Amino acid sequence: MTHIPEEIKIKRIVNGAFNNLLDNINLLPNELSILAKNRAEVCKSCELCYFDKTLQSLRCGKCKCFINWKVSNKQEKCPENKW
Ligand code: SF4
């Protein structure tokens, strides 16, 4: 059996979680969907974004919010002013 390094496993999980997030974002009304997609792309490359294994969710390491909720709420702001 091939050993897959932990780092690669985590990367796959995060990518999978982001793909799910984008699928859900596509279901939003157009204007909100564009906003949420742009924000999600920023979070995806942010060093503070992490996958919470216990809650099986992408979260912001700064404010601890759930990324899916945060990016799709107009009034939300990135605590690091990245979006
Ligand atoms: S909300 Fe801001 S600080 Fe938090 S993960 Fe996204 S880009 Fe990073």
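Let me start with a cut-off, since I'll lean on it: a residue is called exposed when its relative accessible area is over 50%, and buried when that area is under 20%. Asn81 has a relative accessible area of 69%, so Asn81 is exposed. Please keep in mind, everyone, that what we're looking at is a predicted model.

While we're on Asn81, have a look at its backbone. Its phi is near 55°, a positive value in a residue other than glycine. You'll find Asn81 in the segment after α3.

Now let's step back to the whole chain. The protein has three helices and two strands, and reading from the N terminus the order is α-α-β-β-α. The C-alpha trace spans about 45 × 25 × 20 Å along its principal axes. Of the 83 residues, 31% count as buried. If you take the contacts between residues at least 6 apart in sequence, 41% of them join residues at least 24 apart.

One of my favourite spots is Arg59, in strand β2, which covers residues 57-60. Is Arg59 buried or exposed? Its relative accessible area is 14%, and because that is under 20%, Arg59 counts as buried. So who are its neighbours, leaving out residues up to four places away in sequence? Arg59 touches Leu48, Cys49, Tyr50, Asp52, Lys64, Cys65, Phe66 and Ile67.

Lys64 deserves a second look among those. The side chain of Arg59 reaches the backbone oxygen of Lys64 at 2.8 Å. Lys64 belongs to the loop between β2 and α3, the helix at 67-71. Its phi is near 70°, again a positive value in a residue that isn't glycine. With 43% relative accessibility, Lys64 lies between the two cut-offs and therefore counts as partly exposed.

Finally, the ligand. Where does the ligand sit? It sits in the largest cavity. The residues surrounding the ligand are Cys43, Cys46, Leu48, Cys49, Cys60, Ile67, Lys70, Cys78, Pro79, Glu80, Lys82 and Trp83. By character, that shell divides into nine nonpolar residues, three charged ones and no polar ones.

If you put the last two parts side by side, some names come back: Leu48, Cys49 and Ile67 are touched by Arg59, and Leu48, Cys49 and Ile67 are also among the residues around the ligand. That's a nice place to start when you open the model yourselves. Thanks for listening!

Notes: Residues numbered from 1 in each chain as written. Predicted model: local features only at pLDDT ≥ 70, side-chain atom pairs only at ≥ 80, totals over all residues. Heavy atoms only, no water. Near = heavy atom within 4 Å. 1 Å grid on protein atoms, 1.4 Å probe; cavity = no way out; pocket = protein on both sides within 12 Å on 5 of 7 lines; lining within 4 Å. Sits in = over half its atoms within 2 Å of the grid points. Nonpolar A, V, L, I, M, F, W, Y, C, P; charged D, E, K, R; others polar. Helix = DSSP H or I, 4+ residues; strand = E, 2+ residues; numbered from the N terminus. Buried < 20%, exposed > 50% of the residue type's maximum accessible area, 1.4 Å probe, protein only. Polar contact = N/O pair within 3.5 Å; in protein donor to acceptor, adjacent residues only side chain to side chain. Contact = heavy atoms within 4.5 Å.
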